[in-house]
Amino acid sequence: MIMEIIKNYTGGMLKDPISGAYIDNYEPATGQIYSKIPQSSEADVEEAVVAAKKAFDGWSGLTPEERAAWLEKIAAAIEARMDIFVNAESRDNGKPVKLAAKVDIPRAVSNFRFYARATTQYASESHHFPGKVINYTLRQPLGVVGCISPWNLPLYLFSWKIAPALAAGNTVVAKPSEITPYTAFLLSQVCMDIGLPPGVLNIIHGLGNEAGSAIVGHPDVKAISFTGGTRTGQSIARIAAPMFKKMSLELGGKNPNIIFADCNYEKMLQTTIQSSFANQGQICLCGSRIFVERPLYEQFKADFVRKVSQLKTGDPVDDKNQLGAVVSQAHKEKILSYIELAKQEGGTILTGGYPIYPEGRCRDGWFIAPTVIEGLSFDCRTNQEEIFGPVVTIMPFDTEEEVLLYANSVPYGLAAVLWTENLSRAHRMAELIEAGIVWVNCWLLRDLRTPFGGVKQSGVGREGGFEALDFFTEPKNVCIQYG
Ligand code: NDP
């Protein structure tokens, strides 16, 4: 097998890391190394920041329409290579090809398109005392900004940051997760093919605590947009806060899925399979704690467990499989250790709970059967800590007050799902749930104009819509007295 070598993208060119050091990149479905990625250091980040600074005047000097045209070109170029991106994302992450084809890559295209259009519609405010004074707000780009993204939705989340940052007139130094670097590498090739001006976007590969923290700590990087774990968010904040950098931190979650007996049962059941196990449960928005109103509990448990046990897990390229591999050996072990913990805490495994070794090319891959656990208290570790895998717990409840206590008991507050046909209850509960996003009778229905982010330890700041353009610009008030 030919080992593919991923390169950094700096100043419009593909570059080896200055140290010459590379890290292994694994294919989760086979457990085999298939490419090498640069183990970039502070020196590579420095080079990227210099290139981004040099590009800033030219890029920020373009009109919004001109920048929009570049983003449209990126979107079209990804779209033209759809199959290549889809297969690369699946291979790098372990997710089913059909999921990458339906969600990941089309959404990355939409991110660039959406912000191409948004920037041409972005307006600033003015405040007027008639005949006396007018204030108006300039929204100016920040300069060089840093974008750091995780492995679960690699290009989707990478582009969700890069697109608004560029649209607002900033130049970017970005780092994808070292575990899933490949589609970011393909993006650098796209940028070269379309002739994006050198230095506007720079992509540095490497380890979080080396390349990532060098971006965060660089004095010329004015803002950090980060998605990843809460603990990493804390260490980023420790470096960036004393430097007074703007920060948008999208962090972990432990989302409740609250099901009332009056719900649309079939729709709820179908969607709950998705919200529990899509992407092997490795979506920050998955509902990992399922609370079911007691009159419905036994029926739900029987139907849900039967359906989950019928899900097929295996080779991500085989469309018959609904679940692929989890992202790494270490992550697989972490998930299995939580299943052990659940048993120690008195939980009963209703289905799953074990690793899978498919026959054929995937026998050494990292697969876990979708797992449903019951019998745990709402405040045990299994129900409080983020597992981020194909594992959910189910639990009955009797009243709204009780389920709100359960739902809000965790340190996180990213998303929640609510199933009820009672309109008043839906509004009442949506108001009281501690989360940045509440889906009622649906899940993962995304309108890119809406604010996206979490409360409590799920993060600070919002992405999406004009919120992201606000984040990536600095407001300056200009006050003019006349009359
Ligand atoms: P990590 O926090 O481990 O890593 C995220 C990114 O940060 C990676 O690129 C990582 O690089 C980098 N990084 C790690 N350490 C540092 C550091 N000290 N300084 C700067 N950068 C660093 O998260 P995961 O990749 O494991 O992703 C899973 C987590 O992401 C889960 O907790 C999940 O809930 C959360 N998430 C949140 C979302 C949201 O919108 N709120 C959406 C999706 C995921 P490297 O990979 O090389 O370590």
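**Where the ligand sits**

Okay, so the ligand takes up the space that is the largest pocket. A pocket here, on a 1 Å grid over the protein atoms alone, is an open set of points with protein on both sides within 12 Å along at least five of seven lines, and a molecule sits in one if more than half of its atoms lie within 2 Å of its grid points.

Quick caveats: this is a predicted model, with local features needing pLDDT of at least 70 and side-chain atom pairs pLDDT 80 or more, while totals for chains, interfaces and linings use all residues. Numbering runs from 1 along each chain as its sequence is written, and side-chain values use heavy atoms, with hydrogens and water left out.

Now, who's around the ligand? There are 33 residues (a heavy atom within 4 Å), and E178, T232, L251, C284 and E386 come nearest. By class, that's 14 nonpolar, 15 polar, Gly counted here, and four charged (Asp, Glu, Lys and Arg).

On to polar contacts, meaning N or O pairs within 3.5 Å. The E178 side chain has an N or O atom 2.6 Å from a ligand oxygen. G206 puts a backbone N or O atom 3.3 Å from a ligand oxygen, and for S213 a backbone N or O atom is 3.5 Å from a ligand nitrogen. The protein covers 88% of the ligand's own 900 Å² of accessible area (Shrake-Rupley, 1.4 Å probe).

Last bit: α7 (208–217) gives the largest share of the shell, five residues. Domain 1 (4–251 + 458–479) and domain 2 (255–447), bounds from an automatic or database assignment, both contribute to the shell, so the ligand lies between them.

Definitions and conventions: A polar contact is a pair of N or O atoms within 3.5 Å; within protein, one must be able to donate a hydrogen and the other to accept it, and residues adjacent in sequence count only if both atoms are side-chain atoms. On a 1 Å grid over the protein atoms alone, a cavity is a set of points where a 1.4 Å probe fits but cannot get out, and a pocket is an open set with protein on both sides within 12 Å along at least five of seven lines; lining residues have an atom within 4 Å of a point. Helices (H or I, at least four residues) and strands (E, at least two) are DSSP runs, numbered from the N terminus.
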